[in-house]
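Subject: Structure handover

Hello,

Here is the structure I said I would pass on. Please open it next to this email and look up the residues as you read.

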Amino acid sequence: MIATRGDQRVLAAHEAPAETRWIVRVIAGEGEARAQTWLFLDDGRHEIGRRAEPTPGYDPRQRPWYATASTAETAQLSAPYVFNSLGAPGITASRRLPGGRGVFGVDVTLTGLDSLIARHAISAHGGVVLFDDAQRVLAVSPVLVEGPVAPLTSLRDLGSPLLRTVADAKDASGDGALREVELAGNRLMVQLSEWQAGGSRRIGIGIIAPADDFVDHIRVMRTQILLLALVGLAVFVPAAVVFSSRMATAVRALAADADRVRQLDFTAAPPLPSRIVEFDNLGQAFSLMKRTLATRQKQLDETQGKLARLVDLGIAMSAERDSNRLMEMVLLGAKELTNADGGTLYIRGEDDKLHFQIVRNDTLDVALGGTSGNEVTIPPVALYDTEGAANHRNVVSHAVHEQQTVTIADAYDSSRFDFSGTRLFDERNGYRSKSFMTVPLKPRGGDVIGALQLINARPPNSDTVVPFSPEIQRFVEALAAQAATALYNRELLSAQERLMDSMIQLIAGAIDAKSPYTGGHCARVPELALMLAEEASVQSRGPLAGFRFETEEEWREFRIGAWLHDCGKVVTPEYIVDKATKLETIYNRIHEVRIRFEVLLRDAEIARLEAVAAGTDPAEAAAVCAERKARLLDDFAFVAECNVGGEYFAPEKVERLKRIAETTWTRHFDDRLGLAHEELKRYAGVPAAPLPAVESLLADKPWHVIPRDGGIHRAYADLGFQVKVPENLYNLGEVYNLSIGRGTLTEEDRFKINEHIMQTIAMLERLPFPKHLKRVPEYAGTHHETLTGSGYPRKLDAQRLSVPARIMAIADIFEALTASDRPYKKAKTLSESVKILSFFKKDGHIDPHLFDLFLTSGVYRRYAERYLLPEQIDEVDIGAYVGAA
């Protein structure tokens, strides 16, 4: 919106009707189809005309102010330039958005400065000129120039001798001293000063006036007095002698007063009354002039101070990331600008109600919401009634619906809005709510997100309540516009963060859901890690005293890293993670082995029958068959026992397993029928045996081996992993798997499981995390490292493991020890888990100070009470482990 308020130059530039008070420009479309429409509004902001025209393409990223702000750390103010859309001069304030994702810019027109300066007359022939660093005129008193002034014209190009004098004075010396110069025989008084506009931008203020403007009338009067004295010398000598001293005193006082005015000093006391009418009139005129100039100077200083404060608030709001502090900054800034006694900030909720966010009142010493620590319990304001109609009885909801500022001189005299609640509040608290200003919060191009309400405006240094002035309303509306944009952007960022957190938890939940045996691991580890991190952050003594997560961003970074610590498991096959027996792949292959034993048992029975048929004694044949059956049953029982993993597999068992494997059986069917194309490739180098084929009872066949293509996966090539890579991707050999010395996993299986952490690091380090999340890959990818450097995948030692990384290691180990949903082990008790964890401390794998804190702070027990089965929780003697080497 462009507020003209009768600016004839802007109105004429757009061929606006005479009664136009406001102009609104609407831009729509993209590229060549882009067009703009100018809407002309009267004083009541009703449309009285419009004009459409095409507009050239406009890309703010090509503007100098965008380029300057995008590389600067602080807010920038552009040099004045002529706005293409208005034909009027202005400046652009800009600041880089957090994270370098863009630039926030505000255009401020300077068209109102001319009328502001015109109202501050210095003298009959003197005036004020504002100019920039390049001595281009921003505003000038009409008395100093002839006719209209083109925007940003140089001081020397306006053809005004007075302005050239100002330029010469600026070139000679830029200080603020008052100096006297001579031009064409006339003495001129010139004073220059500068206003720091932000950054390196300065605005020069030049004041120039002929010295005669201040002393000519005194000289004329003095001449008249001298002539009168000469006449009176002959006629009234006695009277002249009596009054001469009095006149001289008055003249000296007026001359001194004139000299102080030349110095812009308006603080002198008013002159004493004089019996000489002319002297008395001149003295009164001088007093009036000084009071007027002093008032104007004070108003100018106040306006300049409010403008500077508005700019400072805009810069501060653009940098603030905390929503509560941001809203508090908005409300307190508005109270400061208006000197209001109280104020309230409302935010529109999803329920179409305006919720109180911050309430402040100086007289009642009320501070609710924001950083006060006091919760706001006031019921929200409904935007619609029970029938769905807009609520216009409440002044706040009305301002939001109409999207316009509402000012009320005295709430008790207003019949337009319902202030019964205000009256009730006043009665209960002995307060008097009088003047109100309610401003909607609407970001540029968006919907109204709330409202700002100020109560009881007061003049500076006074407790008298006055109405809010139209002049201050403009400042508050400007602040509200900036605040709305800042709050809207902050909410967008918060929504993105919530979406990101939800997606991360969704991924972690999907990983847990892959396996019925590890479900909840990705959710429990972050909880345990955060519990331990909170305890470590409050330590004031010992090795952990220097560790702190100072900001919410650092806590969120750690929380995300913890949630993503096993995200690489998304590519780990479930049958390996869930491998409960040695022969298990997609299913347990012990069933195939059992069928072969069944075949051998059937063959023994057939051999018995054939022997009897051939004449062998039935008893003898039955004895041989029984012996064969007993051996087969015993051998299968041994193989089945081998299939169940254990802590140790003795060498003699391996030898017996190999002897059993040498037993043969006869296969009568083609073992390559019904296989998929990919599986058949593994048989390509081995010719098919003629049927019937004699085969070993247990075998490591060539097609059991699935080779690895090259070494480590190319996705890990540049990540610094130091791991031993097995020669094969998988080895499904029956004897090979049944001979596993500990547990149920082969070397290839173990590498595939451990590979999940390498995949986690590869995935996360390739994500474009913003600066405040850069350590997420570290927190997520180091929980399998040890302080001794024997961990994986990078073999980091204590010097390269941060405190958060060490916390993650303890959390991951303890959760695995206490988990009751693993297929390959029974659930351990709390005391057993702590004891095993102490061995990790003893071996130097985990941080001993964090381990001790884990026990002494009670984190281990609080976690157990939340996540362990009741039968797992037993007593733990932490004294046996704390401090022990």
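Below is what was found in it, starting with the whole chain and then going through single residues.

Please keep in mind that this is a predicted model.

The whole chain

The protein chain has 885 residues, and 42% of them are buried. Its secondary structure consists of 25 helices and 24 strands. Among the contacts with a separation of 6 or more, 56% are between residues 24 or more positions apart. The accessible surface is about 46400 Å², and carbon and sulfur atoms account for 55% of that area.

Cysteines

How many disulfides does the structure hold? The count is 0. As general background, a disulfide is a covalent bond that joins the sulfur atoms of two cysteines. Two cysteines can be looked up here. Cys625 has a relative accessible area of 11%, so it is buried. Cys642 is buried as well, with a value of 3%.

Salt bridges

There are 30 salt bridges in the structure. Three pairs and one network are described here.

The first pair to look up is Asp132 and Arg136, whose closest N and O atoms are 2.8 Å apart. Are these two residues buried or exposed, or partly exposed? Asp132 counts as buried because its relative accessibility is 5%. Arg136 has 23% relative accessibility and therefore counts as partly exposed. The limit that matters for this pair is 20%, since buried means under 20% relative accessible area.

Next come Arg608 and Glu605, with side chains that meet in a salt bridge at 2.5 Å, N to O. Both residues lie in helix α15, which covers residues 590-613. They are 3 residues apart, and that is about one turn of the helix. Arg608 is partly exposed, at 22% relative accessibility. Glu605 is partly exposed too, at 32%.

The remaining pair is Asp852 and Lys841, where the closest N and O atoms of the salt bridge are 2.9 Å apart. Which helices does this pair link? Asp852 sits in helix α24 (residues 848-856) and Lys841 in helix α23 (residues 830-842), so the salt bridge links distant parts of the chain, with the two residues 11 residues apart. Both Asp852 and Lys841 are buried.

Some salt bridges also join into a network. Its members are Arg667, Asp671, Arg672, Glu695 and Lys701.

A serine in helix α23

Ser838 is another residue to find in helix α23. With a relative accessible area of 10%, Ser838 is buried. Which residues does Ser838 touch, not counting those up to four places away in sequence? They are Phe851 and Tyr881.

A nonpolar patch

The last item is on the surface. Leu499, Met503 and Leu506 make a nonpolar surface patch of about 320 Å². One of these residues, Leu499, is found in helix α11, which covers residues 470-514. Is Leu499 buried or exposed? Leu499 has a relative accessible area of 53% and is therefore exposed. The limit for that word is over 50%.

A suggested order for looking these up is the cysteines, then the salt bridges, then the serine and the patch.

Regards

Key
Residues are numbered from 1 along each chain as its sequence is written. This is a predicted model: local features need pLDDT of at least 70, side-chain atom pairs count only at pLDDT 80 or more; totals for chains, interfaces and linings use all residues. Side-chain values use heavy atoms; hydrogens and water are left out. A disulfide is a pair of cysteine sulfur atoms within 2.5 Å. Buried means under 20% relative accessible area, exposed over 50%, partly exposed in between (1.4 Å probe, protein chains only). A salt bridge is a side-chain nitrogen of Lys or Arg within 4 Å of a carboxyl oxygen of Asp or Glu. Helices (H or I, at least four residues) and strands (E, at least two) are DSSP runs, numbered from the N terminus. Contact means heavy atoms within 4.5 Å. Patches are made of residues with over 30% relative accessible area and no salt bridge: like charges are joined within 9 Å, nonpolar side chains (Val, Leu, Ile, Met, Phe, Trp, Tyr) within 5 Å. Accessible areas come from the Shrake-Rupley method with a 1.4 Å probe; for residues, only the protein chains shown count as cover.
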